[in-house]
Amino acid sequence: MAISILICDDSALARKQLSRVIPVSWGANIEFAQHGWEAIHKLEANTFDILFLDLTMPELDGYGTLEEIQKRNIAISTVVVSGDIQPKAQQRVAEIGAKAFIKKPLDKATLISTLQNIGIQPEKPASYQVQSVQPIQLRRRDVYLEVANVAIGRAADSLARHFDVFVHMPLPNVNLFEMSELQMTLRHLATNEHMSGVCQGFSGEGIAGEALILLSDSSVSDLLTLMDYPESDDASLELELLMDVSNILVGAFLKGIGEQAEVRFFQSAPVLLGQHISIDSVVESTKGTFNRIMAFEVSYNIDGTQIKCDMLLMIVDESLPILDNKLAYLLDDE
């Protein structure tokens, strides 16, 4: 009997990538779910051998899905496939029932070895049969969202390892903005009247842009404690903190994009836009920088703290054809 697989991921690209690395020789029957509740309903209605589960999803995330599987006594071997690779995330999913963890993007060799390690070795069907897979149509935004999701995971992992914390992984937002729309987005991101802002430029192989880090005043005290800075009213300590956070987040995020696009990015030194200023002051600082940009919006929260850090990574419109070409392989059907 052919092995039956359920792939649960809100990303159309991730669902397609995973279905493509499952060997055709397995003759697998593959179904998809776009969030945890859809997966739970399918698991209760049908029998599956393996569930490949993402963590960062709307409706019900991967953690909630694993908890529901335990609560409902659903018999299923679950393998988490996620961009959220921080150590505490891997530990947590193991504690609530996951058999294994694979980081995105995955490859066929890793998939097969992981399944073998947990005792799953699909038998080849007696007669050759092409696996049954629902067709998935991808758009440009699907590609950018999944690329951003993996990059966000790399940045969260760097932050988590640096501070020994658990970082809540956000759902990324990717949009093509005019400058006026960008300024509206900045105002939407701001949840505190006063904040500190750092801007950092980057470039690589014809792709250029800027990253903006916004840190609310309410976050500074907790961050200083996490970094074991001495208590002081010295503004230079806060500035050092801002620069450190910017380098960690921006560097890891760009590395995550670069690994997928095969581009090596170079960062300029962080530039302070202002400390304890209003969002209107930040908006004024960004005027005239770009005409049209592709923006990746991310908001990071650290467990057990008041820390909220917003990152807006902006790639200039002129660079997008180059990046599109670099990522075109993700749309290939072969």
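This passage walks through the fold, the aromatic contacts, the main pocket and some backbone oddities of a predicted model.

Starting with the overall picture, the chain folds into 11 helices and 13 strands. Of its 334 residues, 55% come out as buried. Among contacts with a sequence separation of 6 or more, 75% join residues that sit 24 or more positions apart. As for the outside, the protein exposes about 15,200 Å², and 47% of that comes from carbon and sulfur atoms.

Next come the aromatics. The structure has 4 aromatic pairs. One of them is formed by Phe 202 and Phe 265, whose ring centres are 5.8 Å apart with 85 degrees between the planes. That angle puts the pair in the edge-to-face class, because anything over 60 degrees counts as such. Phe 202 belongs to strand β8 (residues 194-204), while Phe 265 sits in the loop between α9 (235-261) and β10 (266-267), so this pair ties together parts of the chain that are 63 residues apart in sequence. Both partners, Phe 202 and Phe 265, are buried.

A further edge-to-face pair is made by Phe 253 and Phe 296, at 6.0 Å centre to centre and 65 degrees between the planes. Here the link runs between helix α9, which carries Phe 253, and strand β12 (residues 292-302), which carries Phe 296, so parts 43 residues apart in sequence are tied together. Phe 253 has a relative accessible area of 0%, and Phe 296 has one of 2%. Both values fall under the 20% cut-off, so both rings belong to buried residues. Tyr 144 joins in as well: together with Phe 253 and Phe 296, Tyr 144 makes up one aromatic cluster.

Rings also meet charge in this model. The charged end of Arg 92 sits over the ring of Tyr 63, 4.0 Å from the ring centre.

Now for the pocket. The largest one has a volume of about 420 Å³. It is lined by 21 residues, and the closest to its centre are Gln 17, Pro 105, Leu 106, Gln 260 and Tyr 329. Helices α1 (12-21), α6 (140-163) and α9 each supply at least two lining residues. The biggest contribution comes from α6, which gives 6 residues to the lining. Helix α9 thus turns up in the pocket wall and also carries Phe 253 of the aromatic cluster.

Pro 105, one of the residues closest to the centre of the largest pocket, comes with a backbone quirk too. The peptide bond leading into it from Lys 104 is cis, with omega near -15 degrees. Pro 105 is placed in the loop between β5 (100-103) and α5 (108-117).

That brings up the backbone in general. Most residues other than glycine have a negative phi, and most peptide bonds are trans. Besides the cis bond at Pro 105, there are positive phi values to point out. Glu 59 is not a glycine, yet has a positive phi of about 65 degrees. Glu 59 is in the loop between β3 (50-53) and α3 (62-71) and is exposed, with a relative accessible area of 62%. Asp 164 tells a similar story, with phi near 55 degrees. Asp 164 is in the loop between α6 and β6 (167-168), and at 60% relative accessibility Asp 164 counts as exposed.

The surroundings of Glu 59 can be filled in a little. His 35, in the loop between β2 (29-33) and α2 (36-45), is in contact with Cys 8, Met 57, Pro 58, Glu 59 and Leu 60, leaving aside neighbours within four places in sequence. The C-alpha atoms of His 35 and Cys 8 are separated by 6.2 Å, although the two residues are 27 residues apart along the chain.

Thr 65 shares part of that contact list. Thr 65 sits in helix α3 and is buried, with a relative accessible area of 0%. Again leaving aside neighbours within four places in sequence, Thr 65 touches Gly 36, Ile 40, Leu 53, Met 57 and Leu 60. Met 57 and Leu 60 are therefore in contact with both His 35 and Thr 65, where contact means heavy atoms within 4.5 Å.

Definitions and conventions:
Residues numbered from 1 in each chain as written. Predicted model: local features only at pLDDT ≥ 70, side-chain atom pairs only at ≥ 80, totals over all residues. Heavy atoms only, no water. Phe/Tyr/Trp six-rings, centres within 6.5 Å; stacked < 30°, edge-to-face > 60°. Helix = DSSP H or I, 4+ residues; strand = E, 2+ residues; numbered from the N terminus. Buried < 20%, exposed > 50% of the residue type's maximum accessible area, 1.4 Å probe, protein only. Lys NZ or Arg CZ within 6 Å of the ring centre and 35° of its normal. Areas by Shrake-Rupley, 256 points an atom, 1.4 Å probe, with all protein chains shown as cover. 1 Å grid on protein atoms, 1.4 Å probe; cavity = no way out; pocket = protein on both sides within 12 Å on 5 of 7 lines; lining within 4 Å. Points joined across faces, edges and corners; volume = space filled by probe spheres on them.
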